[in-house]
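Biologist: I'd like to go through this one with you and ask how you know what you say about it. Can you put it up?

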Amino acid sequence: MTNTTRWTNWSGFVEGSPQRILTPGNLDGIVEAVKTAPGPLRVVGAGHSFTPLARTDGTMMSLERFEGLVSHDAAATVARVRAGTRLGSLMRLLQEIGQGLPNMGDIDRQAIGGALGTATHGSGEALGAYHTQLEATQFVDGRGEVRELRLDKDRDMIHATGVALGSFGVLTEVALKNIPTYRLHRRKWVLPIKEMLAEFEPTMGAHRSAEFYYVPFSGHAQFIASDLSDKPVSPRPPEEDEEGLATLRKLRTVLRWAPWLRGLIIRTVMAKLPAEDYVQDWLNVYASDRRTRFNEMEFHLPFEEGPRVLAEIIELTERRFPEVYFPMEVRSVAADEFWLSPFYRRPTCSIAIHHDAANDPLPFMRAAEPIFRKYGGRPHWGKMHSLKAMDFQALYPRWKDAMDVRRDIDPQGRFISPYMADLFGLK
Ligand SMILES: Cc1cc2nc3c(=O)[nH]c(=O)nc-3n(C[C@H](O)[C@H](O)[C@H](O)COP(=O)(O)OP(=O)(O)OC[C@H]3O[C@@H](n4cnc5c(N)ncnc54)[C@H](O)[C@@H]3O)c2cc1C
């Protein structure tokens with residue numbers, strides 16, 4: 001146990017002063033903490049959410065000492081791991097047993113419990129978010145009892161609790177349905193955003209995984225495609241994202257009031273970017289290093305609305321927010337059946353906007369949010385938004401059912417911080 005006065009999330013925007021941070025190394029320690037530690041009890045993964053999900057004045061619990069492989073079934077390509085396992089370690093331990101995650105997001109720093117908690121996702125029209133891999137879960141409920149769920153016999157409960165925002169118990173172990181290890185052919189190229197938006201559906205659908213970044217003021221996007229390959233591996237080129245961001249930041253500062261010139265220079269730089277084209281094992285492809293800190297908002301929209309929403313967000317940014325320089329990220333995610341999943345029964349286009357952590361993100365985010373909402377956007381649970389229970393009731397057909405299940409699991413509200421009470425509409 002450590003005593004602490006201050007905790008911050010990855011971007012530094014969310015701060016808290018938990019009475020204590022516990023790092024139990026076994027199931028008994030987790031049960032004991034749920035039964036006796038001062039509440040509210042909030043589990044923290046890697047603290048990479050931009051919303052105050054993990055913040056508490058009571059007890060913060062990290063499962064950083066509760067990690068690793070528990071067991072695996074080679075024939076079924078299922079692996080059972082402890083919930084504190086970071087995605088980076090998870091990739092490596094899966095590779096060793098011949099299994100691969102079907103898809104990943106942009107980084108590998110999150111704990112698997114944290115990634116599941118907010119419906120973390122990558123991109124690919126036929127690829128679901130991490131929680132769609134759940135075959136079984138073990139968690140400690142609000143009374144301190146250890147509960148086990150299996151997809152084959154507790155399908156509804158898995159769907160009710162699979163995306164849980166840290167509020168349906170402490171997730172201790174998860175069994176994930178993986179696929180045999182594989183290789184990806186990764187390519188990146190630049191194209192005019194008008195072309196990209198005009199051909200949005202066929203272009204996004206033409207690859208196993210497709211996404212693109214729109215660079216503000218440039219009129220151009222960088223498209224990233226990944227497809228299965230059985231070719232020999234070739235070197236992954238060194239990452240240039242951080243250098244690219246430094247250039248965009250400099251241009252923002254110097255040419256803030258000369259958008260035309262700013263755009264021209266960015267386009268010239270983008271045109272000279274070395275083409276990226278390589279084949280690598282899955283675990284060497286998805287994740288990048290993100291050193292420049294930012295805050296982020298991401299909304300999950302009906303897939304077909306993607307181009308229209310992006311066009312409005314671009315127009316807003318370039319008309320009113322010359323200080324913004326971070327590229328916008330556009331991805332697709334398959335529909336699923338999880339009650340609190342933003343992808344619930346809806347093929348999705350996800351649009352993310354970012355703002356340098358050194359600047360106040362709120363004016364930009366507040367101006368963008370109504371555009372996302374106008375088209376039925378559901379916010380990423382771990383990224384900035386201002387929605388409340390009433391809004392979620394309208395966006396999530398099984399919201400009330402999920403809240404009933406939550407109350408059964410945690411009747412005393414052990415996991416309910418003021419932020420969660422506000423979000424869930426609890427008094
Ligand atoms: C640089 C960066 C890149 C990102 N890229 C992507 C991306 O590509 N795709 C995407 O979808 N998101 C992305 N995110 C968002 C991020 O994946 C999510 O916010 C994720 O939830 C963070 O995981 P974490 O381990 O840090 O969890 P935390 O932020 O610490 O916690 C998230 C939630 O999970 C709960 N939780 C954690 N562990 C447990 C547990 N064992 N039991 C119960 N509840 C638990 C917490 O209580 C909290 O509610 C990114 C964030 C950053 C900072």
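Modeller: Here you go, and keep in mind that this is a predicted model. The shell around the ligand splits into 15 nonpolar, 16 polar and 5 charged residues.

Biologist: What makes a residue part of the group around the ligand?

Modeller: One of its heavy atoms has to lie within 4 Å of the ligand. There are 36 residues around the ligand, and Val43, Gly45, His48, Ser49 and Thr118 come nearest.

Biologist: How do you know that valine 43 makes a polar contact with the ligand?

Modeller: The cut-off for a pair of N or O atoms is 3.5 Å. A backbone N or O atom of valine 43 sits 2.6 Å from a ligand oxygen, so that pair counts as a polar contact. Glycine 47 has a backbone N or O atom 2.9 Å from an oxygen of the ligand. As for the ligand's surface, it exposes 970 Å² when taken alone, and the protein buries 98% of that.

Biologist: Why do you say the ligand lies between domain 1 and domain 2?

Modeller: Domain 1 (69-180) and domain 2 (183-379) both give residues to the shell, so the ligand lies between them. Among the helices and strands, α3 gives the most, with 4 residues.

Biologist: Why is valine 190 called partly exposed?

Modeller: Buried means under 20% and exposed means over 50%. Valine 190 has a relative accessible area of 31%, so it is partly exposed. Valine 190 belongs to strand β13 (residues 183-192).

Biologist: What is valine 190 in contact with, leaving aside its neighbours within four places in sequence?

Modeller: Those contacts are His220, Ala221, Gln222 and Met270.

Definitions and conventions: Residues numbered from 1 in each chain as written. Predicted model: local features only at pLDDT ≥ 70, side-chain atom pairs only at ≥ 80, totals over all residues. Heavy atoms only, no water. Polar contact = N/O pair within 3.5 Å; in protein donor to acceptor, adjacent residues only side chain to side chain. Areas by Shrake-Rupley, 256 points an atom, 1.4 Å probe, with all protein chains shown as cover. Helix = DSSP H or I, 4+ residues; strand = E, 2+ residues; numbered from the N terminus. Nonpolar A, V, L, I, M, F, W, Y, C, P; charged D, E, K, R; others polar. Domains from an automatic or database assignment. Buried < 20%, exposed > 50% of the residue type's maximum accessible area, 1.4 Å probe, protein only. Contact = heavy atoms within 4.5 Å.
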